[in-house]
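Hi there,

Here is the structure I promised to pass on. Have a look at it first, and then read my notes below.

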Amino acid sequence: MDFMAHYEHSPRLNSQGLHVHDYFEFYFHIQGGRLYCVDDTVFELKPNHLVVIPPLHIHGLVCDRDLVDYQRAWLYLSPETLNKCGFDKIDLNRTLEEANRKQNFARELSNNEADIFVNFIQALEKSALKKSPDTLLDDYSKILHLLSIVQKNLSINSTDSNSSKITALNSAANLSQNTMHKVLHYINEHYTENLSLKELCNQFNMSESSLSHDFANYSNKGVYEYILNKRIIRAKELLFTDMNLTQIALECGFNDYSNFLRAFKKLSGCSPKEYKKRQFLD
């Protein structure tokens, strides 16, 4: 997948939980959402809010009740496609990763920019249904225009700080959510280690049943399921280095190759070698 665009309007939607993937997501909130999480930071969504999430970062809606009249649009770009869009002059991958590291990943677009963003996303989605190579040049011109809006609003040199938004967000989160933010942050820092549910419970002074229940409600995934997803996504990155499969397994937190292979097949539907081969064929 080089790119994928989608617009959606849901009259009513329940929480879909947090997730993680290996491509860049440009999420545009139109209306209806309340709180959004990127890694261990939660902030209040506003109309015309653009959020940029690099690969391997946990993100998603934080909801305690159904959303009503929820409208959003998003664009997915593979790191390879984003890199090409810089024409060897701008390292967009590094720029957006650095913006995320500085928590500079969300901005409110102007009404004009918002109209362009939604119209272009809808046009890209319709174009993809035609599957015609004749439209590719126009598709990429729209993507480049969208990226110019992103760079303008999320420049790492921006003097507009997000600190007030983040502070307002954290104060709005309840105690249970704040604890789960900390659990997520701890997992993100230690998922390549021999991390267990018992260790997490000791770290956060919680029972196994309480932590498992609260984490599943918050992230829509079990603790170990989330850890496995993080490890396998990291493994997919390392497949394209000089490391062998046993080294990758150990680097990602698996105690032996057989456990790594079993988890990789379960989550990816193929072996690591098959996955790597498919990427080159694509």
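**The sheet and its cysteines**

In this predicted model, strands β4, β3 and β6 form an open sheet of 3 strands, in the order β4-β3-β6 and with antiparallel pairing. The edges are taken by β4 and β6; each has a single partner strand, so one side of each is left without a neighbour in the sheet. From one strand to the next, the twist averages 25 degrees.

Now for the pairings of β3, which covers residues 35–38. With β4 (residues 41–44), β3 pairs in the antiparallel sense over 4 bridges. Within that pairing, Val 38 has Thr 41 as its bridge partner. Towards β6 (residues 59–62), β3 is joined by 4 bridges, and these two strands also run antiparallel. Here Cys 37 stands opposite Gly 60.

Which way do the side chains of β3 point? Leu 35 and Cys 37 point one way, while Tyr 36 and Val 38 point the other way. This fits the general pattern: in a regular strand, side chains alternate between the two faces of the sheet. Are these four residues buried or exposed? All of them are buried.

Since you may be thinking about the cysteines, here is what I have on those. Besides Cys 37, which is buried in β3, there is Cys 201, buried because its relative accessible area of 5% is under the 20% cut-off. Cys 252 is at 0% relative accessibility, so Cys 252 counts as buried too. How many disulfides are there in the whole structure? The search finds 0.

Best wishes

Methods: Residues numbered from 1 in each chain as written. Predicted model: local features only at pLDDT ≥ 70, side-chain atom pairs only at ≥ 80, totals over all residues. Heavy atoms only, no water. Buried < 20%, exposed > 50% of the residue type's maximum accessible area, 1.4 Å probe, protein only. Pairing = 2+ DSSP bridges. Disulfide = S-S within 2.5 Å. Axes fitted to C-alpha atoms, helices over the stretch in contact; angles between N-to-C directions.
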